[in-house]
Amino acid sequence: MYKISELAKRVGLSRTALLYYEKHQLIIGKRLANGYRIYSDKDAQRVHLIQKLLAGGLTIKECKSCLDAKIEKHRLRDRLTALNNEIEQKKQARDLLAAILGDAPQRRWHEELNTIAPDAHLSWLMQQGFNEKEALRLKWLSKDMNEHELYMADFMTVFAPLARWAPGSHEDTLKALSHVPLTPSLIADIGCGKGYSTQLLATHTHANIIAIDNEQSALDALVDRFTQDGLVNRLQTDCTSMTELNMAQDSIDLIWSEGSAYIMGVQNALKKWRSKLKPNGVLVFSDMVWHTTKPSTQAQGFWAKEYPDIQSVEFRLKQISELGYEVIAHFPQSTQAWQNYYGPLHARTMELQATMANSQALQDIQHEVEICTEYANEFGYHLFILQKC
């Protein structure tokens, strides 16, 4: 027979724990005439059984049910399901901490956060010490805080010699320009890249142009071409974020943005850029849209990670109307525009395969080329010509 302190020592528990068990009638000691409780070997074995049941995740109440009657398997099944959920949550927490510390990949976490909380995601990245340019690139491209610099170095190695950094064609740009119902004197080309659209706007209008991009090397290439063509006196470049435009309210006749509005979110872009337009000013932008209501699993999976806000044309038109614009015209980008970009990009990735086979950036770009070639009929860029109401 054991006193409670002796039983506690034998089973490796505290006296308080045993009293708690007794309070819930998991064990019942015999009380002697002098008031002391005593317990038998049977009680000690029962305590060991209780410990095993508790280790299985059962509550005190569930333990008592198991000890006092035949096990109700549905209760155990419910407890197993709850434990599996808790384990998954703990695993996700562990994976997140490991990713932030650089001990594991973090792409999936960034992709999920960009889908459910894109603005908060960007703000958090900037709080971690990234400027807005790098935070945007991390959000959309590298998706890994620890490997970002290497990723972007490889990314620029792929793109630096390419003429186009997004799908486009002279014909599509001029077609969109033909729908502009005014003669602009000041144009802002936002996210201009190396400026092929910028150059067309300069040669087919008499407007002064502000070329805006956050990549200085692209702006330098643009200045070189404008200088060669004798147009540089009409060009102003601004290496800055499209979210913080250095221009006055109601000052721009025409804002042009091919393939870049998604970076800050189409809805945000339309709201912020509207204030920069003069009354009746015009905004021309392109956006990736679905061409089908039943996209393939492969296409859906790709864009869920790369551009969660991809929408139908009808959705964008409704959104545009609600944001205070009149739709002057809209049309899908041509097949030639698609080929102008993905043809040279595919050739460039093949050229680098031997020397950059282990590069995550190159692998991501190759995957994009594959998806955008095989499933090109399911999605594509669409150009919208809007006038401020």
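**Strand E8 and its neighbours**

Strand E7 (residues 252-257) and strand E8 pair in the parallel sense over 5 bridges, where two strands count as paired if DSSP finds at least two bridges between them, and where helices (H or I, at least four residues) and strands (E, at least two) are DSSP runs numbered from the N terminus. This is a predicted model, in which local features need pLDDT of at least 70 and side-chain atom pairs count only at pLDDT 80 or more, while totals for chains, interfaces and linings use all residues. Residues are numbered from 1 along each chain as its sequence is written, and side-chain values use heavy atoms, with hydrogens and water left out.

Within the pairing of E7 and E8, Leu254 stands opposite Val282 in E8. Together with helix H13 (residues 266-274), these two strands make a right-handed β-α-β unit; right-handed means that, with the strands pointing away from the viewer, the path from the first strand over the helix to the second runs clockwise.

Strand E8 is also joined by 9 bridges to strand E11 (residues 379-388), and these two run antiparallel, with Val282 standing opposite Gln387 in E11. A further 2 bridges join E8 to strand E9 (residues 311-312) in the parallel sense, and here Trp290 stands opposite Ser312. From E8 the chain crosses through helix H14 (residues 297-306) to E9, and this β-α-β crossover is right-handed.

How many of the 14 residues of strand E8 are buried? Of the residues in E8 (residues 277-290), 11 are buried, so the strand is largely enclosed by the rest of the structure, buried meaning under 20% relative accessible area with a 1.4 Å probe and protein chains only.

Key. Buried means under 20% relative accessible area, exposed over 50%, partly exposed in between (1.4 Å probe, protein chains only).
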